[in-house]
Amino acid sequence: MTMASETGLPICTPDMSVGTLSAMKAVFVRDLKIALRQPQDLLNPLLFFVMVVTLFPLGVSPEVSFLREAGSGILWVAALLSVLLSLDHLFRHDFDDGTLEQLVLQPQPLFLLVLAKSLAHWVLTGLPLVLLAPVLGVMVHLEGNSIAVLCLTLLIGTPVLSLIGSIGAALTLGLRSAGVLLSLLIIPLYIPVLIFGTGTVMAASEGAPVGGQLALMGAFLVLALTLAPFASAAALRISLSNS
Amino acid sequence: MWQIFHKLGSPKWFFGIASALMPWLLGIGVALFMTGIVWGLVFAPQDYLQGNSYRIIFIHVPSAFLAQSVYIMMAVAALVTLVWRMKLADVFVRSAAPVGAVLTFLALFTGAVWGKPTWGTWWIWDARLTSMLILLFLYFGVMALGAAISDEKSSARAVAVLVLVGVVNIPIIKYSVEWWNTLHQPATFKLTEKPSMPAEMWVPLLLSVLGLYLIFGWLACLRMQTDILAREGRTRWVKELVQARGN
Amino acid sequence: MAFDSFAAFMAMDGHGPYVWTCYAVFFLLMGAITWWSLRQRRVIIAQQRRRMDSAPVRDERSAAASFTRIESSQD
């Protein structure tokens, strides 16, 4: 028996015989398919990313020396903000049409399903940001080596943003003015990633070795991968019992 | 042992204990704190490097110390809320958060004012000040989430999850801010770190830290009692208590 | 005694304004949160009392008598 949501896609069978991995895969694929049916929603965070980056040369200074120095920070802050902006979508639709409650009732561990959802969110928002970053890197006059390191830090860092963000999205689910509250809760938790993300690029632009810092960011990623799904699964249960 | 634990969870029992403790907490706390700062202000010798401005230490360090340990206490209470569903633990988290936020702000403010004569500027993105600022954001987040969810039970548990997520992040934030600081400015003069502080300085400091701890205890008890009165308004013992009391 | 006179104590070798601002703000804010907490407590107690005056303590009987009884003063 397959359950069909509003979108007509099977969620996953409420049946012990479905392995956890295939359930995760089903959730992941479902989220991708739904998102691809609404390409505008995918494009919006990217447009936001580009626009925020555009504001800095216009608002502060278009000088090459300034942009080269501040570029990595500008790109990181813009990426952080656009991930933050897209987080509201992570659980919202599933919450509204009742899919989320079905997900919670599945026999498979909820935190793994949440992990699959967070990864899908990263593929839909974080990954496009990483792919777009080199273009914007050139526009803020970063050097080739710095751009490569920037993309690498974004590649490691944006999944952390999605994972931590899923906790905030789960906590604020169904609340009034959830968007502002979400930013308020999550931004302090993003600070370490931001610091190491920009710091690594700066070190690279000065020609210093960056292996250690990248490894530390990798450690952040592992930590977020292991802990964040538990917290957001707990938060989801709380938010659902509330409504 | 378990009986004590269950008793601890009972608001009525806590109310009685808190009422008995509060005069002591306030009296001893104020006495210790005032002794500490009067000693520090009037009798402690002048610092050879910073002159008299170092006398801010006697309120800066207690505030900063309390600001951090209040968050840790809240995290312990949050764990208790999630594991044992103890109502009293949530009452503590809710009552302590605004006090913690005020103390964090005070630590920031006194740090900034101290920075003026020491560094020649009101604000420096110093590692300690910056991580204090982030701690203040965490406190605000906890308070905002608690206010946003109207249902008492889910509010308690959601806040508990947030506090725990925050406490996991505090060491990471502290470490990364320190690393960031060394990246941007090579070892500046640190406010509170002294190779060797004479006893005339650290004894009053210790007194004021202890005193502020007790004053916080009093304030937390007071606020928890208020919260209990509001939540348990329908129970018999609260009704009797309210009737018996003059004010 | 680290100071020779009261004036020297207040001046603190030119650092007086900084030190005294800090202490003033500290006591102001701690006083404010204490005052606020005490006030909250008074408000809550007054509220409970008002509720009890409007619905006197005979909860056992009245609660058993009517299922549909609605507490009117929930504010």
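## Exercises on helices, loops and an interface

A:His141 sits in the loop that joins helix 6 to helix 7 of chain A, where helices (H or I, at least four residues) and strands (E, at least two) are DSSP runs numbered from the N terminus. The model is predicted, so local features need pLDDT of at least 70 and side-chain atom pairs count only at pLDDT 80 or more, while totals for chains, interfaces and linings use all residues. Residues are numbered from 1 along each chain as its sequence is written, and chains are lettered from A and ligands numbered from 1 in the order in which they are written.

**Exercise 1. Describe the backbone and the exposure of A:His141.**

Step 1: take the backbone angle. A:His141 is not a glycine, yet its phi is positive, about 60°.

Step 2: count neighbours. A residue is buried if 20 or more other C-beta atoms (placed from the backbone) lie within 10 Å of its own, exposed if 12 or fewer, and partly exposed in between. A:His141 has 17 C-beta neighbours inside 10 Å, so this residue is partly exposed.

**Exercise 2. Treat A:Ser177 in the same manner: is this residue buried or exposed?**

Step 1: locate the residue. A:Ser177 belongs to the loop between helix 7 and helix 8 of chain A.

Step 2: check phi. A:Ser177 has a positive value of about 45° and is not a glycine.

Step 3: count again. With 10 other C-beta atoms within 10 Å, A:Ser177 is exposed.

**Exercise 3. Which residues does A:Cys151 touch, leaving out those up to four places away in sequence?**

Step 1: place the residue. A:Cys151 is part of helix 7 of chain A and is partly exposed because 19 other C-beta atoms lie within 10 Å.

Step 2: look for contacts, meaning C-beta atoms, placed from the backbone, within 7 Å of each other. The partners of A:Cys151 are A:Val130, A:Ala133 and A:Pro134.

**Exercise 4. Find the buried residues of helix 4 of chain A and what they pack against.**

Step 1: list them. Within helix 4 (residues 89-96) the buried residues are A:His89, A:Leu90, A:Phe91, A:Asp94 and A:Phe95.

Step 2: trace the packing. These buried residues pack against helix 2 (39-59), helix 3 (64-86), helix 5 (99-105), helix 6 (110-139) and helix 7 (144-171) of chain A.

Step 3: look past the end. A:Gly98 follows helix 4, with a positive phi near 85°.

**Exercise 5. Characterise the side of chain A that touches chain B.**

Step 1: count the residues in contact: 21 of chain A with 24 of chain B.

Step 2: assign them to helices. Helix 7, helix 8 (178-205) and helix 9 (211-242) of chain A each supply at least two residues, and helix 8 gives the largest share, eleven residues.

Step 3: sort by class. Ala, Val, Leu, Ile, Met, Phe, Trp, Tyr, Cys and Pro count as nonpolar, Asp, Glu, Lys and Arg as charged, and the others, Gly among them, as polar. This side of chain A has 18 nonpolar, three polar and no charged residues.

**Exercise 6. Compare the expected and actual spans of helix 2 of chain C.**

Step 1: the expected span is 1.5 Å times one less than the number of residues. For the 39 residues of helix 2 (residues 16-54) of chain C that should be 57 Å, and the end C-alpha atoms are 56 Å apart, which agrees.

Step 2: find the packing partners. The buried residues of helix 2 of chain C pack against helix 3 (57-84), helix 4 (87-119), helix 7 (199-231) and helix 8 (236-244) of chain B.

Note on methods:
Contact = placed C-beta atoms within 7 Å.
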